[in-house]
Amino acid sequence: MDKTDAEDSDLDYISDECSEFDEIEAADIEINFIDEKNYPDCNIVEQNEPHFNSKEKNHVPVETLLIDAFKLFISPQIIDIVVKYTNQRGNRNFRMMEKRAKHQVWQNVDATEIYATIGILILAGSFKESKLALRFLWHKDPSFSRQIYTAVMSRNRFTDIFTALRFDDALTRSERLLVSRLAPISEVSEIFQQNSRAFGTVGDKLIGEYSCRRATRRWPLVIFQNYIDIGAHNALVVWKASRPHVKTCRRGLLQDLGMVLVRPQIAKRARIIEGVRRKGYQQHVLRAIEAT
């Protein structure tokens with residue numbers, strides 16, 4: 001067993017008890033490998049077979065490979081669009097909701113918080129908890145819920161972000177709807193489809209078991225959650241292609257991907273708590289952050 005195998009053997013996604021469904025096969029999708037010249041910061045590049053970027057060969061952490069693979073599909077360009085228009089909608093929501101205390105204002109999201117929101121959705125899907133009411137996911141008693149959700153953000157904050165998620169400019173939407181009925185998500189859709197054509201596609205039959213999709217009446221959000229599912233599973237297979245000798249489980253690797261996406265937000269929240277010397281923070285929040 002080489003050094004890489006030894007490191008992999010302790011990870012959550014490694015299992016000798018994978019079901020036939022859960023085991024990831026590189027043949028699950030047709031992969032178009034990444035050109036190192038055009039994607040110098042990506043750690044999975046085109047060669048005779050997928051492997052680590054030549055600049056970091058055999059020294060790239062697993063979490064780096066996972067996030068790199070995911071960002072091939074849910075790219076920073078998509079996240080920038082979501083950040084921009086979610087803040088536009090969030091500010092509008094807070095102005096319109098009279099039940100909000102007068103001193104409360106919308107706290108602008110950034111890329112870290114949007115990735116963390118996506119990470120929560122992926123984690124809930126991997127635990128098959130996407131259909132549970134949020135009050136059960138954010139239960140104060142750790143005996144009744146997973147502490148990871150509380151560690152990332154409060155239930156109210158997740159609700160505010162999920163409610164505000166938008167993918168286009170509301171001020172110009174009516175004009176664009178005259179051209180396309182998909183106007184509310186057309187820009188994101190175009191980028192995602194380009195990414196999928198460039199790097200690979202996966203069938204829906206492979207994503208249903210651990211889908212991240214939460215119930216919503218907003219069809220653009222339904223589509224975006226579907227993109228998250230497809231992007232996540234594509235990322236797993238791209239990652240698998242870089243380590244074809246490692247037996248991996250879909251559910252465990254989805255959980256690892258979700259954790260990679262939420263950790264920067266947990267670290268940011270921990271710094272805020274430390275900065276105010278923990279004053280005003282409820283004990284269940286502190287316990288959840290410390291547990292991660």
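**Figure 1. Helices and strands along the chain.** The chain of this predicted model holds 12 helices and two strands, where helices (H or I, at least four residues) and strands (E, at least two) are DSSP runs numbered from the N terminus. Read along the sequence, the elements follow the pattern α-β-β-α-α-α-α-α-α-α-α-α-α-α. Of the 292 residues in the chain, 49% are buried, a class that means under 20% relative accessible area, with exposed over 50% and partly exposed in between (1.4 Å probe, protein chains only). Among contacts between residues at least 6 apart in sequence, 73% join residues at least 24 apart, a contact being heavy atoms within 4.5 Å. Because the model is predicted, local features need pLDDT of at least 70 and side-chain atom pairs count only at pLDDT 80 or more, whereas totals for chains, interfaces and linings use all residues. Residues are numbered from 1 along each chain as its sequence is written, and side-chain values use heavy atoms, with hydrogens and water left out.

**Figure 2. The second largest cavity and its lining.** Two cavities of 30 Å³ or more are counted in the model, and the second largest has a volume of about 30 Å³. A cavity is here a set of points, on a 1 Å grid over the protein atoms alone, where a 1.4 Å probe fits but cannot get out, and lining residues have an atom within 4 Å of a point. Grid points are joined across faces, edges and corners, and the volume is the space filled by probe spheres set on the points. The lining of this second largest cavity consists of I122, S126, Y210, C212, D229, A232, H233 and L254, which divide into five nonpolar, two polar and one charged. In this division Ala, Val, Leu, Ile, Met, Phe, Trp, Tyr, Cys and Pro count as nonpolar, Asp, Glu, Lys and Arg as charged, and the others, Gly among them, as polar. Helices α4 (111-126) and α10 (219-242) each supply at least two residues of the lining, and α10 gives the most, with three residues.

**Figure 3. Helix α4 and its two ends.** Helix α4 has 16 residues and reaches 22 Å from its first C-alpha to its last, close to the 22 Å expected at 1.5 Å a residue, the expected span being 1.5 Å times one less than the number of residues. Since 14 of its 16 residues are buried, α4 is largely enclosed by the rest of the structure. At the N-terminal end D110 acts as a cap, with a side-chain oxygen 3.3 Å from the backbone nitrogen of T112; a polar contact is a pair of N or O atoms within 3.5 Å, of which, within protein, one must be able to donate a hydrogen and the other to accept it, and residues adjacent in sequence count only if both atoms are side-chain atoms. After α4 comes K128, which has a positive phi of about 60° although it is not a glycine.

**Figure 4. The loop between α4 and α5.** Both K128 and S130 lie in this loop, which leads to α5 (134-137). K128 is partly exposed, with a relative accessible area of 47%, whereas S130 counts as buried at 7% relative accessibility. The side chain of S130 reaches the backbone oxygen of S211 at 2.9 Å. Beyond its neighbours within four places in sequence, S130 is in contact with L121, A124, G125, S211, C212, R213 and R214.

**Figure 5. F70 of helix α2 beside A235 of helix α10.** Helix α10 has 24 residues and reaches 35 Å from its first C-alpha to its last, close to the 34 Å expected at 1.5 Å a residue, and 20 of its 24 residues are buried. A235 is placed in α10 and F70 in helix α2 (residues 62-71); A235 counts as buried at 0% relative accessibility, and F70 likewise at 0%. Leaving aside neighbours within four places in sequence, A235 is in contact with A69, F70 and F73, while the contacts of F70 include Y115, I118, I122, I228, A232, A235 and L257. The C-alpha atoms of F70 and L257, 187 residues apart along the chain, are separated by 8.3 Å, and those of A235 and L65, 170 residues apart in sequence, by 9.1 Å.

**Figure 6. The buried residues of helix α7.** In helix α7 (residues 155-164) the buried residues are R157, F158, D160, I161, F162 and A164. These residues pack against α3 (76-96), α4, α5 and α10.

Terms used: On a 1 Å grid over the protein atoms alone, a cavity is a set of points where a 1.4 Å probe fits but cannot get out, and a pocket is an open set with protein on both sides within 12 Å along at least five of seven lines; lining residues have an atom within 4 Å of a point.
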